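Visitor: I am new to this structure and would like a close look at a single part of it. Could you pick one sheet and walk me through it, with a little of what surrounds it?

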Amino acid sequence: MAFISETYKLEKDESPIIKTKNQIHLTRDSETEDGLPVLLVEEPSPHLKCTVCKHLYLDPVISVKCGHTFCRKCAFRITRCPIDSQPCDTTQLVVNRIVVGQIEDLLIHCRYGVTKTDGGFTSDPSGCQEHIVIGKREEHEANCVYAPVPCPNNAGRCGRFRKSELDQHLEVCHFTPCGHCEKGCEFVGTAEEVHSHEDTTCGYRGLQKSVSFKDFHQQNRILEENNKELREEVGLLTQRVELLEGGRENMQKQLTACTSNLLALQQKYEQLQGLVEQMLSGGRNRRSTGSPGNSQEAAARHRYNSTSTAVMVRSPPGSPLKVEDWQMPFQFKCIGTLRGHKDVVWCLATQRQKLCSSGADGLVKVWDMETLSKGCIKTLEGHSKVVHTMVASGDILYTGGSDMSIRAWNMESLCEHSNVENAHDNIITAMVLVCDYLFSSSHSVIKVWEAKTLTHKHTVSGLHHWVRALCLNRAKDRLYSGSHNTIDIWDTTGTFDLKGKIDHDFGSVYSLAITHQYVIAGTYNRLIQLFNIESHDHIGSFKGHIGTVSSIIAAPSGRFLFSCSTDKSVMIWSLELMLPIQNLKRHEGSVNTLALLGDYLISGSEDHEIKVFKYFQMQMGFALQT
């Protein structure tokens, strides 16, 4: 058992670290307003201890430069990271909310159930025996029946008692005042003596509480001051109302003028539109009576228009095309919203005509893309915490997340097929499936599993920090993994050897996509980085998001890229023109995941919703005829 005091003040002769035979007592100088001891029920994970001070994290922050986590005060004490010797920039510190949440979930003893010893703190069998999480400590201890409270009659003479014992003390307390003490009675005694006094001998019975002339004058002066302040506030409010009324009249005049201008512009637009139609009609008549070459050109345009029309009439969801035949210009429009999750949506996957989603509520929901109006067709339960990643292939869906388990689900029977508990020592952040192998990643490690049996096959360890992104190349013989300042390339055919690296200084990689030309990485620093797939040279960056690029996905042809970010937006890019095409802003929270199914783009968000966007070809008739 470990004993930790985050805020217990050290005496001059005390050591910051005190070790005894059966306990480790970690203490800190007082760094918060309260000085509360913390007695942990179990020894915390080494991942929750700062690499600088070796104690449990206090106000944990991530150093963006190196990607590692320290106590905030420790980050200001060092100039270089003790892990990789990278310079530490204290102007780029971000709160590590994951670690904060894990520390707040640690079980501790109630402060009223511990006692101080020579070596630290130990459990008090006569006190509160509740085990509570750190995050709810204040709520429990505020209502704990073992909390000491002072005697309301005479705290100096009687002292303090546990809440559960206070009523018993009040029955025998010798300082209970008479019920008429505010009228001037000075009698005190036990509760029984007071009751007898009030009923028989108290001379203040029936008298009203007296108010002295001095008190009356003071109360009257306070009322006068309050009235003066109220009158001043009423005057200010009256002035503001007058200003607002004048502003409303001015705005009404401006609105009338804008309405008149808008009507005039609408009339001019209709006139210009009629003139353009007349010009186009005359041009078509001249071409129809022109040379054979013009007839061939018109026939070609007819074939182009017919093709464009075919593009608009797409295959139904559940039958995605291998390579899209989208023609620019086009746009994606939101055609619906899927609701059902009770918390953040973290991951999506498609399997034939089904869409699967999951997130912070730990539920896996299945939707039929052909009948979305019916809502969720099945909710699968099994995970105990957040689901961060999922991947589907054939009839099996694989999921993983904060409970560190991997679960396989049969998509025909919609029930759990198999599972591996404690598959990793930390949160499972990404998964991909290739042939007979399932790859999963976590903090500094990638594991390989037999897909059919979930038998552990191989482990790649010692990687650089969190491995948040996994992606396969087109041939599926190479696995790309993204972590801090590096992209590693691995064999997937059985040896699982390292085949190459793309080192960079763009920070942590949160998402990956591979085309026949590029390795594309979405990073923490709000940019999308492009590397040549053969030479690994840096080609350039896409700038447009103002938050972490949480997910990217390339179109099957490799011509277009979709990205989403914590800035609540989804962006579409042309990889041929190296330019943005469209910015979709339909979510009210961070967009965490994307899926592409034929002509349908699907996004999941922190706002608990899933949006469905559909490809639409924009009209090309005017551009062709001019």
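Guide: Here is a walk through one sheet, with a short look at the whole chain before it and a few other places after it. Please keep in mind that this is a predicted model.

Let us start with the whole chain. The protein chain has nine helices and 40 strands. It holds 626 residues, and buried residues make up 42% of them. The chain exposes about 34600 Å², and carbon and sulfur atoms supply 51% of that area. Among contacts between residues at least 6 apart in sequence, 44% join residues at least 24 apart.

Now to the sheet itself. Six strands form an open sheet, and their order across it is E28-E29-E30-E31-E32-E33, with antiparallel pairing. E28 and strand E33 (538–543) are the edge strands; each has a single partner strand, so one side of each is left without a neighbour in the sheet. On average, neighbouring strands here are turned by 30° against each other, direction ignored. As background, the strands of a sheet pair through backbone hydrogen bonds, either parallel or antiparallel.

Look next at the edge where E28 meets E29. These two strands run antiparallel and are joined by four bridges. Across this pairing you can find Cys 471, which stands opposite Tyr 480 in E29.

Between the two strands comes a loop, and two of its residues deserve a stop. One is Lys 476, placed in the loop between strand E28 (469–472) and strand E29 (478–491). Its phi is near 60°, a positive value in a residue other than glycine. Lys 476 is partly exposed, with a relative accessible area of 47%.

The other is Asp 477, also in the loop between E28 and E29. Asp 477 is partly exposed too, at a relative accessible area of 26%. Its side chain makes a polar contact of 2.7 Å with the side chain of Asn 473. Setting aside neighbours within four places in sequence, Asp 477 is in contact with Trp 490, Asp 491, Thr 492 and Thr 493. You can also relate this loop residue to Gly 494: the two are 17 residues apart along the chain, and their C-alpha atoms are separated by 9.6 Å.

Moving into E29, stop at Asn 485, which lies in that strand. Asn 485 counts as buried because its relative accessible area is 17%, and the cut-off for buried is under 20%. The Asn 485 side chain reaches the backbone nitrogen of Gly 507 at 2.8 Å. Leaving aside neighbours within four places in sequence, the contacts of Asn 485 include Lys 65, Ile 502, Phe 506, Gly 507 and Ser 508.

Step back along the chain to strand E27 (residues 456–466), where His 465 is found. His 465 has a phi near 65°, a positive value in a residue other than glycine. This histidine is buried, with a relative accessible area of 11%.

For a second sheet to set beside the one we have walked through, look at E17-E18-E19-E20. Four strands form this open sheet in that order, and the pairing is antiparallel. Strand E17 (345–351) and strand E20 (376–380) stand at the edges, each with a single partner strand, so one side of each has no neighbour in the sheet. The twist averages 20° from one strand to the next. Inside this sheet, strand E18 (residues 354–359) and strand E19 (residues 364–368) pair in the antiparallel sense over four bridges. Leu 355 has Trp 367 in E19 as its bridge partner.

A few last stops concern the backbone and the cysteines. A cis peptide bond, with omega about 0°, joins Met 328 and Pro 329. Pro 329 lies in the loop between helix H8 (292–312) and strand E16 (330–338).

As for disulfides, the count comes to zero. Cys 50 is in no disulfide, and the nearest cysteine sulfur, that of Cys 74, is 3.9 Å away. Cys 50 counts as buried, at 2% relative accessibility. The sulfur of Cys 376 is 9.6 Å from the closest cysteine sulfur, in Cys 356, which is too far for a bond. Cys 376 is partly exposed, with a relative accessible area of 28%.

Key: Residues numbered from 1 in each chain as written. Predicted model: local features only at pLDDT ≥ 70, side-chain atom pairs only at ≥ 80, totals over all residues. Heavy atoms only, no water. Buried < 20%, exposed > 50% of the residue type's maximum accessible area, 1.4 Å probe, protein only. Pairing = 2+ DSSP bridges. Axes fitted to C-alpha atoms, helices over the stretch in contact; angles between N-to-C directions. Contact = heavy atoms within 4.5 Å. Areas by Shrake-Rupley, 256 points an atom, 1.4 Å probe, with all protein chains shown as cover. Disulfide = S-S within 2.5 Å. Polar contact = N/O pair within 3.5 Å; in protein donor to acceptor, adjacent residues only side chain to side chain.
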